[in-house]
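Visitor: I should be grateful for a close look at a single part of this structure. Please describe one residue with its surroundings, and then place that residue within the chain.

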Amino acid sequence: MSRCRVAVLAVLSAALGCAADRAALPAGSAFEPLPVLPLRAPDEFDRATRALASAVLLDDRAGAEAARGRIEAHDADRLAGGDAPSGLAPFA
C-alpha cells in the first residue's frame, strides 16, 4: 500500500470518527458530562463565609468573630422562620 492510500484511509477514518455520535457511557463514569446548574447570586451566608475566610487568613481575630456572629445570626433567623440551619455555624 502506498503512503498516499494510507494517508487517505487515515483521513477518512478520522472524518468518520468525528461524524459519529457520542458513545454511551456507563453511569458514574469519569468521562460523563457534568450537570449544568443554574448560576445563583451570592447571598448573606456566602458573604459572611467569605468575610470569615478572609479574616482567618489575615489573622484578624475581631473580623473572624464578627463574621462568625453574622453566620450564627443568619442561622437563628432561618430557625425562627422554620427553615433548616445552613450548617456553617459549627465550622465557623
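Guide: Leaving aside residues up to four places away in sequence, D75 touches F45, P85, S86, G87, L88 and A89; a contact here means heavy atoms within 4.5 Å. The model is a predicted one, in which local features need pLDDT of at least 70 and side-chain atom pairs count only at pLDDT 80 or more, while totals for chains, interfaces and linings use all residues. Residues are numbered from 1 along each chain as its sequence is written, and side-chain values use heavy atoms, with hydrogens and water left out.

D75 is found in helix α3, which comprises residues 61-80; helices are DSSP runs of H or I with at least four residues, numbered from the N terminus. D75 is buried, that is, under 20% relative accessible area with a 1.4 Å probe, protein chains only. D75 nevertheless has no salt bridge, a term that requires a side-chain nitrogen of Lys or Arg within 4 Å of a carboxyl oxygen of Asp or Glu. The nearest side chain of opposite charge, R78, is 5.2 Å away.

Helix α3 also holds G63, which at 23% relative accessibility counts as partly exposed, the class between buried and exposed (over 50%). G63 lies 7.6 Å from A51, C-alpha to C-alpha, with their positions 12 residues apart in sequence.

As for the whole chain, 10% of its 92 residues count as buried. The chain has 3 helices and 0 strands. Among contacts between residues at least 6 apart in sequence, 24% join residues at least 24 apart.

Notes. Helices (H or I, at least four residues) and strands (E, at least two) are DSSP runs, numbered from the N terminus. Lys and Arg count as positive and Asp and Glu as negative; His and the chain ends are not counted.
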